[in-house]
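Please open the structure in your viewer and keep the selection tool at hand. This tour goes from one selection to the next and says what can be found at each stop.

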Number of protein chains: 2
Amino acid sequence: MRMGEGVEWALHSCLNLAWAQDGGAVTVARLAAYHDLPAAYLNKQLQALSRAGIVTSVPGPRGGFRLARRPEDVTLMDVVTAIEGPEQAFRCTEIRQQGPHGEMPGNSRRPCAISAAMRRAELAWRRELAARTLADVMSEAERGAPGVPGRVRGWFATASA
Amino acid sequence: MRMGEGVEWALHSCLNLAWAQDGGAVTVARLAAYHDLPAAYLNKQLQALSRAGIVTSVPGPRGGFRLARRPEDVTLMDVVTAIEGPEQAFRCTEIRQQGPHGEMPGNSRRPCAISAAMRRAELAWRRELAARTLADVMSEAERGAPGVPGRVRGWFATASA
DNA sequence: GAATCACTACTCGGATAGGGTGTGTCCGAGTATACATGG
DNA sequence: CCATGTATACTCGGACACACCCTATCCGAGTAGTGATTC
């Protein structure tokens, strides 16, 4: 089970957008250059974030992306869902209903216990992601390395000038 | 983020093996026929379970698979890990270290907050899966449809005869 | 009649192709800016 | 000097190839059983 690489890119870009927020819109080229990522593909991820209402896009010169909501109003679950899609990782295809064995009475009503257990686990994962916002991650990062946010903002400011 | 289809097959097959346990080894053909699955591919999944020590394989005529441990000693996490592999879904590639910005002091020591948050969420998922065993799922299935386990065992008994 | 041996049939095991999704790239639609031009 | 129209450059947005991993399949290695053969 692998999560797409775009999730990591999107999360880092969201943090950078948050730190460089009031410096105007940031182009995808700048965001990509900061981490040496392919700009066109990162653009694709930002489009997904835009469709999800996490960032807003400004076309034309002086355009770019900026955070649509405050960092404390964007959860990690929002970002992951925007990139990876809303469907569950474990997909129950109801194979118990298939096969030559006679129809088991009661099967078609109650969901199979396997599916229920898997969904429970995934719900715990989602709950954990939904409980943590961009602001939480930002403050934790700042606590670990106090100088970084200022540097990030400075880099994006000088870069855009 | 999609989980392989083999996980569902492996879990159902483990349950069937547990219910038909003392009826001797069950061939992969029987297990596959019960759910109308491609036998060769299900065999691949069972090989993975065998390598993980969840089932034991018996070659030759009268051979097949049987559960290596008691159902209460096999967690869902064991099965998922055996099929999907031990690596995490979210892979931190340390993109923060890449790019033209000067080396941020302290970055190389503390893991980035994003990775930490994602790992925390995934740990919750793993913990939930590790807390539930095959025996738990079996008893829950039996509670939902009391007749099923007996039928399953009967079907495998008649099929092998 | 009993033991031995070769043979057969059946099973797992790993090596081998095909398809779908993620990954990476490209060019076009749209807009704010800058400049030349006319009043 | 100021307003206006136009050309331009820059941005996002979606459409287009490539690659990798999951899916699916096949054939070979190994073994228990079976029957014939011999003592």
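The stops below begin with the two DNA strands and end with two pairs of packed helices, and the model being toured is a predicted one.

**Stop 1: DNA strand C**

Select DNA strand C and display the residues around it, of which there are 22, the closest being A:Tyr41, B:Asn43, B:Gln47, B:Arg51 and B:Ser57. Which part of the strand faces the protein here, counting the atoms of DNA strand C within 4 Å of the protein? Sugar or phosphate accounts for 55% of those atoms, and the rest belong to bases.

Now zoom in on B:Gln47, where an N or O atom of the side chain is 2.9 Å from a phosphate oxygen of DNA strand C. Move on to B:Arg51, which places a polar side-chain atom 3.0 Å from a phosphate oxygen of this strand. At B:Gly60, look instead at the backbone, since an N or O atom there lies 3.1 Å from a sugar or linking oxygen of DNA strand C.

Next, colour the elements that each supply at least two residues of the surface near DNA strand C: in chain A these are α1 (5–19) and α3 (39–51), and in chain B they are α3 (39–51), β1 (55–58) and β2 (64–67). The largest share, 4 residues, comes from α3(B). If you colour this surface by residue class, you will find 9 nonpolar, 8 polar and 5 charged residues.

**Stop 2: DNA strand D**

Select DNA strand D, which is surrounded by 22 residues, with A:Asn43, A:Gln47, A:Ser57, B:Glu5 and B:Tyr41 the closest. Of the atoms of DNA strand D that come within 4 Å of the protein, 58% are accounted for by sugar and phosphate.

Three residues of chain A are worth selecting in turn. A:Asn43 has a polar side-chain atom 3.0 Å from a base nitrogen of DNA strand D, while A:Gln47 has a polar side-chain atom 3.0 Å from a phosphate oxygen. At A:Val28 the backbone is the part to display, as one of its polar atoms is 3.2 Å from a phosphate oxygen of DNA strand D. Two or more residues of the surface near this strand are given by each of α3, β1 (55–58) and β2 (64–67) in chain A and by each of α1 (5–19) and α3 in chain B. Here the largest share, 4 residues, comes from α3(A), and the classes are 9 nonpolar, 8 polar and 5 charged residues.

**Stop 3: α1 and α4 of chain B**

Hide the DNA and select α1(B) with helix α4 (residues 76–84) of chain B, whose axes are 9 Å apart and which pack at an angle of about 135°. The two helices are therefore oblique to each other, and α1(B) passes α4(B) in a right-handed crossing. To see the contact, show B:Gly6, B:Val7, B:Ala10, B:Leu11 and B:Cys14 from α1(B), and B:Leu76, B:Val79, B:Val80, B:Ile83 and B:Glu84 from α4(B). This contact has 8 nonpolar, 1 polar and 1 charged residues.

**Stop 4: α1 and α3 of chain A**

Finally, turn to α1(A) and α3(A), whose axes come within 10 Å and cross at roughly 75°, so these helices are roughly perpendicular to each other. The residues to display are A:Gly6, A:Trp9, A:Ala10, A:Ser13 and A:Cys14 of α1(A), together with A:Tyr41, A:Leu42, A:Gln45 and A:Leu49 of α3(A). By class, the contact has 6 nonpolar and 3 polar residues, with no charged residues.

Technical notes. Residues numbered from 1 in each chain as written. Chains lettered and ligands numbered in written order. Predicted model: local features only at pLDDT ≥ 70, side-chain atom pairs only at ≥ 80, totals over all residues. Heavy atoms only, no water. Near = heavy atom within 4 Å. Polar contact = N/O pair within 3.5 Å; in protein donor to acceptor, adjacent residues only side chain to side chain. Nonpolar A, V, L, I, M, F, W, Y, C, P; charged D, E, K, R; others polar. Axes fitted to C-alpha atoms, helices over the stretch in contact; angles between N-to-C directions. Parallel < 35°, antiparallel > 145°, perpendicular 65-115°, else oblique. Left-handed = near helix turned anticlockwise from the far one by under 90°. Contact = heavy atoms within 4.5 Å.
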